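Visitor: I am new to this structure, and I would like to learn how to read it one feature at a time. Could you show me the model and then take my questions in order?

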Amino acid sequence: MKKASLISLGVTTLFYMLCGCFGYAAFGDLAPANFLHGFGSYNKPYSPLDLANAALTLHLVGAYQLYCQPLFQFVEEAASQKFPDSKFIIKDFKVPIPGSGSYKLNLFRLIWRTIFVVITTVVAMILPIFEEAVSLLGAWGFWPLTVYFPVEIFIAQKKIRKWSSGWICLQILSFACLIITIAAAAGSISGIVLNLKS
């Protein structure tokens, strides 16, 4: 997990830094907010953009499912406690899958999760500030989830002494990422305000 996290965060950071730095160097303040859609008016081949959009969609579908799991679990546990005798909520059906056994299907889980995904997708589609809202959520979740908690867990697991050189370096890293998060959140809020004015 440590190696996978290191590789994924490294590649993601490199990709975003390259897009941000080269985009700003090339276009200044006129750099498009979404590079995948920002160049659609030029006479460029659309197949790389289509491939990039497909990869982005695949990534977001997985991330969406991952981040929604606590909410799904909370609602399903609350429903099973409130209605413990309901077969619709409690009962699992075995669906045979040829060659690999069977899959347990719960109708309540299927219907509730489907409705939730459809509603959130429709709300996201009709929001005029969708990109800025996603940016704000990304900025808001970056520092605590990606930096602060992992750093503090690492310090506790490795029993790094306070004010040692390793502890100071990790705190500087955490603080620098906090500043980046605040700046990204401020930029997202500014974009939301500008879009709401128009």
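Guide: What follows is a conversation that goes from the whole chain to a pair of helices and then to single residues.

Guide: Please keep in mind that this is a predicted model, in which local features need pLDDT of at least 70 and side-chain atom pairs count only at pLDDT 80 or more, while totals for chains, interfaces and linings use all residues. Residues are numbered from 1 along each chain as its sequence is written, and side-chain values use heavy atoms, with hydrogens and water left out.

Visitor: How many helices and strands are there in the protein, and in what order do the elements run?

Guide: Helices (H or I, at least four residues) and strands (E, at least two) are DSSP runs, numbered from the N terminus. The protein has seven helices and two strands, and from the N terminus on its elements run α-α-α-α-β-β-α-α-α. The radius of gyration, taken over C-alpha atoms, is set against a globule rule of 2.2 Å times the number of residues to the power 0.38. For this protein of 198 residues the radius of gyration is 22 Å, well over the 16 Å given by the rule, so the protein is more spread out than a compact globule. Taken along the principal axes, its C-alpha atoms fill a box of roughly 60 × 55 × 40 Å.

Visitor: What percentage of the residues in the protein is buried, and what share of the contacts joins residues at least 24 apart?

Guide: A residue is called buried under 20% relative accessible area, exposed over 50%, and partly exposed in between, using a 1.4 Å probe and protein chains only. By that reading, buried residues make up 16% of the 198 residues. Contact means heavy atoms within 4.5 Å, and among contacts between residues at least 6 apart in sequence, 46% join residues at least 24 apart.

Visitor: What span does helix H7 reach from its first C-alpha to its last?

Guide: The expected span of a helix is 1.5 Å times one less than its number of residues. Helix H7, residues 165-197, has 33 residues and reaches 48 Å from its first C-alpha to its last, close to the 48 Å expected. Buried residues in H7 include Trp167, Leu170, Thr181 and Ser188, and helix H6 (130-158) is included in what covers the buried residues of H7.

Visitor: At what angle do H6 and H7 pack?

Guide: Two packed helices are described by the angle between their axes and the distance between the axes. The axes are lines fitted to C-alpha atoms, for helices over the stretch in contact, and angles run from 0 to 180 degrees between N-to-C directions. H6 and H7 pack at about 170°, with their axes 8 Å apart. Angles under 35 degrees count as roughly parallel, over 145 as roughly antiparallel, 65 to 115 as roughly perpendicular and the rest as oblique, and H6 and H7 are therefore roughly antiparallel to each other. The residues of their contact divide into 19 nonpolar, seven polar and two charged; here Ala, Val, Leu, Ile, Met, Phe, Trp, Tyr, Cys and Pro count as nonpolar, Asp, Glu, Lys and Arg as charged, and the others, Gly among them, as polar.

Visitor: Which residues are in contact with serine 188, leaving aside its neighbours within four places in sequence?

Guide: Serine 188, found in helix H7, counts as buried at 6% relative accessibility, and with those neighbours left aside it is in contact with Glu132, Ser135 and Leu136. Glutamate 132 lies in H6 and is buried, with a relative accessible area of 18%, whereas serine 135, also found in H6, counts as partly exposed at 39%. Threonine 181 lies in H7 and is buried at 9%; not counting residues up to four places away in sequence, threonine 181 touches Ala139, Phe142 and Trp143.

Visitor: Is lysine 159, in the loop between H6 and H7, buried or exposed?

Guide: Lysine 159 lies in that loop and is exposed, with a relative accessible area of 70%. Most residues other than glycine have a negative phi, and most peptide bonds are trans. Lysine 159 has a positive phi of about 50° although it is not a glycine. Tryptophan 163 is found in the loop between H6 and H7 as well, with a positive phi near 70°, and is exposed at 64% relative accessible area.
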